[in-house]
Amino acid sequence: MEVIFLNYCGETETSCQTAMIRHITEKLVPPVPRFHLPRDDGLYQPILFAFVTDRMRQCIEYERQVLLDAVSPTVRARQEKVFQCYDPHASHRTYQNILRRFRLPEKQEGARWARD
């Protein structure tokens with residue numbers, strides 16, 4: 001039995017906010033998805049964000065793929081239709097446009113703003 005810990009973006013991690021796989025063949029579903037809400041019909045509704053950073057967009061896409069991989073092909077088609085109502089790329093473009101408008105660079109992962 002192999003145990004693998006993954007964070008919500010698929011990176012190896014050992015923190016308590018991880019999903020755990022007990023067997024390699026099991027499908028990983030986040031215990032509480034960060035960017036999708038469960039619906040009464042068993043599908044997941046995307047949380048609509050007006051602005052999405054690059055990191056958030058990557059995490060949303062990863063979480064969507066994990067959720068799609070964990071369901072049967074018939075449910076997958078229905079779930080894909082639900083996911084089509086919200087495009088994280090459009091929210092990311094909006095965020096980038098606002099940053100460009102005010103001439104602000106997007107904060108890069110691991111970068112820190114200098115304190116005055």
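**Group meeting talk: a walk through one predicted chain**

Hi everyone, let me start with one residue: Leu99 is buried, with a relative accessible area of 10%. Leu99 sits in helix H3. Setting aside residues up to four places away in sequence, Leu99 touches Leu104, Pro105 and Glu106. Please keep Glu106 in mind, as we will come back to that residue. And before I go on, a reminder that what you see above is a predicted model.

Let me step back to the whole chain. The chain has three helices and four strands. Along the sequence the pattern reads β-β-β-β-α-α-α, with the strands ahead of the helices. Of the 116 residues, 29% count as buried. As for contacts between residues at least 6 apart in sequence, 51% of them join residues at least 24 apart.

Now to the helices. How do H1 and H3 lie against each other? Two packed helices are described by the angle between their axes and the distance between the axes. Here, the axes of H1, residues 54-69, and H3, residues 88-101, come within 10 Å and cross at roughly 175°. An angle over 145 degrees counts as roughly antiparallel, and H1 and H3 are therefore roughly antiparallel to each other.

Which residues meet there? On the H1 side we have Asp54, Arg57, Ile60, Glu61 and Arg64, and on the H3 side Pro88, His89 and His92. By type, the residues of this contact divide into two nonpolar, two polar and four charged.

One of those charged residues deserves a slide of its own. Is Arg57, in helix H1, buried or exposed? Arg57 has 14% relative accessibility, and the cut-off for buried is under 20%, so Arg57 counts as buried. The side chain of Arg57 makes a polar contact with the side chain of Asp54, at 2.4 Å. Leaving out residues up to four places away in sequence, Arg57 touches Val52, Pro88, His89 and His92. Pro88, His89 and His92 are the H3 residues we just met at the helix contact.

Val52 takes us on to the core. The largest nonpolar core has five residues in all: Phe35, Val52, Cys59, Ile60 and Tyr86. Ile60 is also among the H1 residues that meet H3. As for Val52, and again not counting residues up to four places away in sequence, the partners are Arg57, Ile60, Tyr86, Pro88, Ser91, His92 and Tyr95. Ile60 and Tyr86 on that list are fellow members of the core.

Next, the loop between strand E4 and H1, where I picked out two residues. The first stop is Ile47, which lies in this loop, after E4 at residues 44-46. Ile47 is partly exposed, with a relative accessible area of 24%. Beyond its neighbours within four places in sequence, Ile47 is in contact with Arg34, Phe35, His36, Leu37 and Tyr86. Phe35 and Tyr86 belong to the core I just described. The C-alpha atoms of Ile47 and Pro88 are separated by 9.9 Å, with their positions 41 residues apart along the chain.

The other stop is Thr53, also in the loop between E4 and H1. Thr53 is partly exposed too, at a relative accessible area of 23%. The side chain of Thr53 reaches the backbone nitrogen of Met56 at 3.2 Å. Not counting residues up to four places away in sequence, Thr53 touches His92, Tyr95 and Glu106. And here is Glu106 again: Thr53 and Glu106 are 53 residues apart in sequence and 7.9 Å apart in space, C-alpha to C-alpha. So where we began, with Leu99, Glu106 was a contact as well.

I will finish with Arg103, in the segment after H3. Arg103 has a positive phi of about 55° although it is not a glycine. Is Arg103 buried or exposed? Arg103 is exposed, with a relative accessible area of 76%. Buried Leu99, at 10%, is in helix H3, while exposed Arg103 is in the segment that follows.

Thanks for listening, and I am happy to go back to any of these residues on the screen.

Note on methods:
Residues numbered from 1 in each chain as written. Predicted model: local features only at pLDDT ≥ 70, side-chain atom pairs only at ≥ 80, totals over all residues. Heavy atoms only, no water. Axes fitted to C-alpha atoms, helices over the stretch in contact; angles between N-to-C directions. Parallel < 35°, antiparallel > 145°, perpendicular 65-115°, else oblique. Contact = heavy atoms within 4.5 Å. Nonpolar A, V, L, I, M, F, W, Y, C, P; charged D, E, K, R; others polar. Buried < 20%, exposed > 50% of the residue type's maximum accessible area, 1.4 Å probe, protein only. Polar contact = N/O pair within 3.5 Å; in protein donor to acceptor, adjacent residues only side chain to side chain. Core = buried A, V, L, I, M, F, W, Y, C linked by side-chain atoms within 4.5 Å.
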